[in-house]
Amino acid sequence: MSRMSEDADFKQTPPRKPRTSRRATPPPQELQLSQDMAHLRRSWVAQRIGWAVMLLIIVAALAGAFGQGGPLSQAQATSDDGRLQVRYARVAHYIAPAELDIRLQPGPRATARIWVDNDYLDEVEITGITPPPSRSQLSGGRTLFEFPVDGNAPASVKFNLQMRSAGSLRGHIGMEASTVTIEQLVLP
Amino acid sequence: MEAILRGASVYIALWIIFRISGQRSLGQITTFDFVLLLIISEATQQALLGEDFSFTNAMLVIITIVSLDILLSWIKQRSTRVDVLLDGVPVLIVENGKLLKDVADKSRVDEEDVLNAAREMQGLERMDQIKYAVLERSGQISIIPKK
């Protein structure tokens with residue numbers, strides 16, 4: 001016995017675990033334990049089904065089905081004439097930041113005027129626009145954002161948003177004649 | 001996708017940190033350790049949620065962490081080696097009333113901790129009433145009194 005205390009490096013590994021039987025057996029008669037074996041077996045089955053569902057959710061989320069990046073969550077909408085392209089997240093979260101990445105091919109004018117319909121703007125909050133527009137104008141059911149443009153090279157504007165309502169959202173964005181429709185699902 | 005990555009990273013990082021800091025950290029119940037735990041949970045929340053305060057994000061993070069927990073417990077059940085790696089082993093620290101000094105020092109346990117546990121668990125008065133004391137994997141000290 002004293003050898004144990006002298007040997008400071010004595011390895012204390014636990015014994016091998018015995019394989020426990022998978023079948024549930026009822027408790028012995030003398031033990032006062034009310035056990036509903038049928039319910040126990042059903043709940044084990046339900047648990048395993050639940051685990052499979054959770055694993056499915058995780059795999060779906062990694063693929064982007066719940067938003068936040070990933071191949072399934074990114075979408076792109078291009079106008080018919082190809083001059084306007086909007087990259088956005090198909091699935092977004094309520095009270096979470098989101099982004100509209102607008103790529104445009106400017107026309108001959110010195111400014112590019114991007115309009116967004118007010119129905120969409122009511123459901124989101126714009127936290128920032130990069131670069132900031134030189135002016136904004138209210139026109140009909142739309143809000144126009146004007147950006148000075150230099151030359152003919154393709155340009156991009158980023159709208160940083162925060163989703164302010166849950167559910168499915170449809171927005172219309174355009175620049176002069178080119179329009180684009182985006183559809184987003186905002187999860188609560 | 002970000003929720004899953006955040007949840008998994010924080011779970012793994014916390015596990016590594018607590019495993020490195022030794023079993024005693026989790027077993028202690030002084031006021032300061034309680035405060036430490038609160039601070040850790042605050043910092044963790046920021047890392048887990050980021051700027052996304054939606055219900056969906058919270059559920060994804062929780063599902064990730066709970067699933068990781070279930071997965072690890074399933075692996076531990078099937079492999080002794082993984083079990084020891086993840087949870088450690090119990091450590092004998094007192095034998096026949098005598099504190100095993102070197103083992104106890106390495107485990108950051110002193111005689112006061114053992115006497116504390118002896119009083120709380122068994123109502124014992126002195127070291128020589130203790131047959132064995134074991135530092136369990138949870139950080140608690142369990143006492144086997146002399147008959």
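Trainee: How much area is buried between chain B and chain A, and what share do carbon and sulfur atoms give?
Mentor: This is a predicted model. The area buried between chain B and chain A is about 2500 Å². Of that area, carbon and sulfur atoms give 60%.

Trainee: Which element gives the largest share of the side of chain B that touches chain A?
Mentor: Start with the elements that give two or more residues to that side: helix H1 (2-20), H4, helix H5 (80-87) and strand E1 (91-95) of chain B. The largest share is 12 residues. Its source is H4(B).

Trainee: How many residues does each chain bring to the contact?
Mentor: Take chain B, with 32 residues. Chain A then brings 28 residues.

Trainee: Which classes make up the side of chain B that touches chain A?
Mentor: Sort that side by class. Charged residues number 8, and polar residues number 7. The nonpolar count is 17.

Trainee: How many residue pairs are in polar contact across the interface?
Mentor: Look at salt bridges beforehand: the count between chain B and chain A is 0. For polar contacts, both residues must be at pLDDT 80 or more. The rule then finds 12 residue pairs.

Trainee: Where in chain B is confidence lowest?
Mentor: Chain B averages a pLDDT of 88, and 95% of the residues score at least 70. Confidence is highest in helix H4 (residues 55-78) of chain B, at 94. Where pLDDT is low, predicted coordinates should not be read in detail. The lowest mean, 61, belongs to helix H2 (residues 24-27) of chain B.

Trainee: What ipTM does the model score?
Mentor: Two scores apply to the model. The pTM is 0.78. The ipTM is 0.77.

Note on methods:
Residues numbered from 1 in each chain as written. Chains lettered and ligands numbered in written order. Predicted model: local features only at pLDDT ≥ 70, side-chain atom pairs only at ≥ 80, totals over all residues. Heavy atoms only, no water. pLDDT = per-residue confidence, 0-100. Helix = DSSP H or I, 4+ residues; strand = E, 2+ residues; numbered from the N terminus. Contact = heavy atoms within 4.5 Å. Buried area = accessible area lost by both parts, 1.4 Å probe. Salt bridge = Lys/Arg side-chain N within 4 Å of Asp/Glu carboxyl O. Polar contact = N/O pair within 3.5 Å; in protein donor to acceptor, adjacent residues only side chain to side chain. Nonpolar A, V, L, I, M, F, W, Y, C, P; charged D, E, K, R; others polar.
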